[in-house]
Amino acid sequence: MVARGAGIVWTQHLLLYERMTKLVGILNITPDSFSDGDLFLDPELAVKHAEKLFTDGASLVDIGAESTRPGAVPVTPAEEWRRLKYALEWFMNLYPNQLSLDTYHPETARQALKLRQFVINDVTGLSHPAMTDVIVEHQARCVIGHMPGSDIQKAHRAKPIDSLQQVVDELLAKAALLESKGLKRSKIILDPGIGFGKTEKLNWQLLEFASSVPDYPVMIGYSRKRFLGDKRMELETNLAAGRAAIAAGAAYLRVHDVAGHRQLLEKG
């Protein structure tokens, strides 16, 4: 009875941990990201920053080599891989199963997944059909981001959408496609794509997106984005957004300031 009781308690703790919101630290290996461009192009500096993010409380670190800010210049898959290769080779042994790769290029995802399992974070929502095949082939965990259309910069320039239901329907359709091809639902995370082709009002609504898709874990990425207003770089502004996301059931918060956000989880 004691062993059985201990097993029940352990299971309850495990389920509670799985329901807890986790922090995803942002690591941009780019020359032009809006918040930290050009700071971590050197692989050694990138590794040191990753170490800091994990020490500060990140469960995952999301590594990207192309800025998605408005006006950024797209990079080729070859250039993206050139920026990523050495850093990923360092990271993959230091932090197994704790890294996600922010890319919409199937070529980059395939090269990375040949090295080790990474979470693939595609902000374009699998706009390239081959990305679906790569993810399913490698049975990779993935984050499906929502973006109107298939081009990041065009999405920033186009008339923004204002429909929460459109975001819900389109993301669920992408998830269903992956499942139909053999990817387990447990490997799918949905991201409503705050800041990608949405009105300011919808961006605020999307902080609570998790309550609209209860069958999937949700990642919310609001950190320092323009819809937050003039004080978007200040911690308290970001914490307010994080509180709304957590209250709605977000599984992950993708943030720059992991140490600052840890207080939300500790108070939780």
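**Entry 1. Strands 5 and 6**

I began with Val143, which stands opposite Ile189 in strand 6. I note at the outset that the model is predicted. I then looked up Gly145, whose bridge partner in strand 6 is Asp191. Strand 5 covers residues 142-145, and four bridges join it to strand 6. The two strands run parallel.

Next I asked which residues of strand 6 are buried on each side. Strand 6 spans residues 188-191, with Ile188 and Leu190 buried on one side. On the other side, Ile189 and Asp191 are buried, and I recorded that both faces of the strand are covered.

**Entry 2. The sheet as a whole**

I followed the pairing outward from these two strands. Eight strands form an open sheet, and the pairing is parallel. I wrote down the order as 6-5-4-3-2-1-8-7. Which strands stand at the edges? They are strand 6 and strand 7; each has a single partner strand, so one side of each is left without a neighbour in the sheet.

I also looked up the totals for the chain. The chain contains ten helices and eight strands. Of its 268 residues, 49% count as buried. Its accessible surface comes to about 12,800 Å², and 54% of this belongs to carbon and sulfur atoms. Among contacts with a separation of 6 or more, 67% come from residues 24 or more positions apart.

**Entry 3. The nonpolar cores**

I recalled a general point before turning to the interior: in soluble globular proteins, nonpolar side chains tend to be buried together. In this model, the largest nonpolar core has 64 residues. Phe91, Leu190, Phe209 and Ile220 have the most contacts inside that core. Helix 3, residues 77-94, gives the most to this core, with six residues. A second, separate core has eight residues, including Val24, Val119, Met219 and Ala251.

I then listed neighbours of Ile220. Leaving out residues up to four places away in sequence, Ile220 touches Pro192, Ile194, Leu206, Leu207 and Phe209, among others. The list also includes Tyr252, Leu253 and Arg254.

**Entry 4. Arg254**

The contact with Ile220 led me to Arg254. Arg254 lies in strand 8, residues 252-255. Is Arg254 buried or exposed? I found a relative accessible area of 14%, and Arg254 is therefore buried, since the cut-off for buried is under 20%.

I looked for polar partners of the Arg254 side chain. A polar contact of 2.8 Å joins it to the side chain of Asp62. Another polar contact, at 3.3 Å, is with the side chain of Asp102. Beyond four places in sequence, the residues that Arg254 touches also include Val24, Ile26, Asn121, Met219 and Tyr222.

**Entry 5. Tyr222**

I went on to Tyr222, which has its place in the loop between strand 7 (219-220) and helix 9 (235-247). Tyr222 has 0% relative accessibility and so counts as buried. Which side chain makes a polar contact with that of Tyr222? It is the side chain of His261, at 2.9 Å.

Setting aside neighbours within four places in sequence, I found Tyr222 in contact with residues including Ile194, Leu207, Phe227, Asn238 and Arg254. I also noted the distance from Tyr222 to Asn203, which is 8.6 Å in space, C-alpha to C-alpha. These two residues are 19 apart in sequence.

**Entry 6. Aromatic pairs**

Finally I looked up the aromatic pairs, and the structure holds three of them. The rings of Phe91 and Tyr95 have centres 6.3 Å apart and planes at 40°, so this pair is tilted. Both Phe91 and Tyr95 are buried.

Trp204 and Phe227 form an edge-to-face pair, with 5.0 Å from centre to centre and 75° between the planes. This pair links distant parts of the chain, 23 residues apart. Trp204 belongs to helix 8, residues 200-206, and Phe227 to the loop between strand 7 and helix 9.

How do the two partners stand in accessibility? Trp204, at 39%, counts as partly exposed, whereas Phe227, at 7%, counts as buried.

My last note concerns a cluster: ring pairs link Phe54, Phe91 and Tyr95.

How values were computed:
Residues numbered from 1 in each chain as written. Predicted model: local features only at pLDDT ≥ 70, side-chain atom pairs only at ≥ 80, totals over all residues. Heavy atoms only, no water. Buried < 20%, exposed > 50% of the residue type's maximum accessible area, 1.4 Å probe, protein only. Polar contact = N/O pair within 3.5 Å; in protein donor to acceptor, adjacent residues only side chain to side chain. Contact = heavy atoms within 4.5 Å. Areas by Shrake-Rupley, 256 points an atom, 1.4 Å probe, with all protein chains shown as cover. Core = buried A, V, L, I, M, F, W, Y, C linked by side-chain atoms within 4.5 Å. Pairing = 2+ DSSP bridges. Phe/Tyr/Trp six-rings, centres within 6.5 Å; stacked < 30°, edge-to-face > 60°.
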